Amino acid sequence: MSTFQAPKGTYDLIPPRSAVFLAVRDTISGQVRNAGYGYVETPGFEDVNLFARGVGESTDIVTKEMYTLTTKGGDQLALRPEGTASVLRAALQANLHKQGNLPVKLWYSGSYYRYERAQAGRYRHFSQVGAEAIGAEDPALDAELIILADQAYRALGLRQYRILLNSLGDKECRPVYREALQTFLRGLDLDEETLRRAEINPLRVLDDKRADVQKQLVDAPLLRDYLCDACKAYHEQVRELITAAGVVFEDDLKLVRGLDYYTRTTFEFVHDGLGSQSAVGGGGRYDGLSEMIGGPALPSVGWALGVDRTVLALEAEGVTLDLPAPTSVFAVALGEEARRVLFGKVTELRRAGIASDFSFGGKGLKGSMKDANRSGARLTLVAGERDLAEGVVQLKDMESGEQRAVALDEVLDAVRAQLA
Ligand code: HAM
């Protein structure tokens, strides 16, 4: 029988690379935790209509990419393709918005599922860390989120990314623009599917990657020329605040996003070393989403950063994170009595909070020392019968190569001193 493989479009996180994923998640979440965001965790699946209504009936995510299922009880569910609709649903359900302290600031980290055409950087199961600030219309909040994402990428050591910024207007000015764009698109030489998209979701046509389409879009009306005064002023404040924070961005007047809930501020972080799947993160304001899913008016803003692509970006830039070795002490026991004694020492070290490991599997000295090297441990404890007869173990510093005998009951202190 052949062995099973991970499903198409998915992959497994395996040591040592998996440690980089953890570090990326920690670095991103560290930034938002440091800014007052509280942790939220929602189920991996939701009522399919939450996404249909929230993300948008005409988006690729909802029409083509959702993993839907009917439960034995007859419920229509979907594996979550994104986090924003779920987090807002959870906040509304828990009445967080009624507790008088808006915005409610939440962060999350987890797996998301989209039935996409699999390719490098684009998976059917992927991982995001996200942050949402719910219930306040304040350009400083939009700015805060952009600055925090920038800070996270910077802290990881990324440099070759760019921030693209745009405003998509609001329910006053966007419909006017939408009509102007539709009128323009109807006059172009487009295939049927694209024309259909122009009727349902004309802004998405601006995002078409095909050169022959892009060529025709050169003179398309720009949303910027249709923004109402309130949206213009709001956007200007966001730009000023992030500029004052020293964050460099590019105005991208054609930036549209693949989810329908956005209003006003939208942004994307793109990395130049990733080829076609260049967006490492994205987000924006979604002032109408709460009402779209049955809640009160709650203007909100957020982002999600893709962990998979952030790791690819690190690899593309050749950045190696400064990860501490997972193990500080590795114990090598020669003979049964030594195994018993050193296994006890390892337990004692672990209880004292010192990361320690043991040469399992009854190997000889050579094989065990190989394990010790592979573990990356700074110190090894080695003991055979003769050491035990003298009441000592050998403590070896793997960096300097120095080795000395330490009395059995002084191992913890000696290890502590040497690691300090
Ligand atoms: P999104 O742009 O669809 O936004 O996804 C955010 C990030 O998730 C992308 O920039 C990318 O790095 C990663 N990502 C998305 N799809 C895939 C995939 N198939 N494979 C690998 N990585 C992927 C959202 O999901 C919004 N919920 C963001 C947001 C939060 N807006 C407001 N609040």
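## Helices α5 and α10

In this predicted model, the axes of α5 and helix α10, residues 229-244, come within 8 Å and cross at roughly 40°. The two helices are therefore oblique to each other, since an angle under 35 degrees would be needed to count as roughly parallel. The crossing of α5 and α10 is right-handed.

On the α5 side, the residues that meet α10 are P139, A140, D142, A143, I146 and I147. Their partners in α10 are Y234, Q237, V238, L241 and I242.

## Helices α1 and α5

Helix α5, residues 139-156, also meets helix α1, residues 17-33; the axes of α1 and α5 come within 9 Å and cross at roughly 140°. That angle makes α1 oblique to α5, because roughly antiparallel is kept for angles over 145 degrees. The contact is made by A23, V24, T27, I28, Q31 and V32 of α1. From α5, L148, Q151, A152, A155 and L156 take part. This crossing of α1 and α5 is right-handed.

## Y37, after α1

Y37 lies in the loop between α1 and β1, the latter being residues 38-39. Y37 counts as buried, at 4% relative accessibility. Not counting residues up to four places away in sequence, Y37 touches V32, K105, L106, W107, A131, E132, A133, E144, L145 and L148. Two of these names recur in the contact between α1 and α5: V32 on the α1 side and L148 on the α5 side.

Y37 and F360 are 323 residues apart along the chain, and their C-alpha atoms are separated by 43 Å.

## Cis peptide bonds

A cis peptide bond joins P15 and P16, with omega about 5°. P16 lies in the segment before α1.

A cis peptide bond also joins L102 and P103, with omega about 0°. P103 sits in the loop between α4 (84-93) and β5 (104-113).

## Positive phi angles

The loop between α4 and β5 also holds N95. Phi of N95 is near 55°, a positive value in a residue other than glycine. With a relative accessible area of 32%, N95 is partly exposed.

R264 is not a glycine either, and its phi is positive, near 50°. R264 lies in strand β9, residues 263-271. This arginine, R264, is buried, with a relative accessible area of 7%. A glycine with positive phi is G353, just after α13, where the angle is about 85°.

## Helix α13

Helix α13 runs over residues 336-351, which is 16 residues. At 1.5 Å a residue the helix should span 22 Å, and its end C-alpha atoms are 23 Å apart, so the expected and modelled lengths agree. Its buried residues are A338, V341, L342, K345, V346 and L349. Seen down the axis of α13, these buried residues fall within an arc of 145°, so they line one face of the helix. On the other side of α13, E336, R340 and R351 are exposed.

The buried residues of α13 pack against strands β12 (329-333), β13 (356-358), β14 (379-383) and β15 (392-397). They also pack against helices α15 (385-389) and α16 (411-419).

## L349 and T380

L349 is found in helix α13. L349 counts as buried, at 1% relative accessibility. Leaving aside neighbours within four places in sequence, L349 is in contact with V329, I354, S356, L381, L412 and V415. L349 and A198 are 151 residues apart along the chain, with their C-alpha atoms separated by 65 Å.

T380 lies in strand β14, one of the elements that the buried residues of α13 pack against. T380 has 0% relative accessibility and counts as buried. With neighbours within four places in sequence left aside, T380 is in contact with F330, M369, A372, Q394, L395, K396 and M398.

Technical notes:
Residues numbered from 1 in each chain as written. Predicted model: local features only at pLDDT ≥ 70, side-chain atom pairs only at ≥ 80, totals over all residues. Heavy atoms only, no water. Helix = DSSP H or I, 4+ residues; strand = E, 2+ residues; numbered from the N terminus. Expected span 1.5 Å × (residues − 1). Buried < 20%, exposed > 50% of the residue type's maximum accessible area, 1.4 Å probe, protein only. Arc of directions from axis to C-beta. Contact = heavy atoms within 4.5 Å. Axes fitted to C-alpha atoms, helices over the stretch in contact; angles between N-to-C directions. Parallel < 35°, antiparallel > 145°, perpendicular 65-115°, else oblique. Left-handed = near helix turned anticlockwise from the far one by under 90°.
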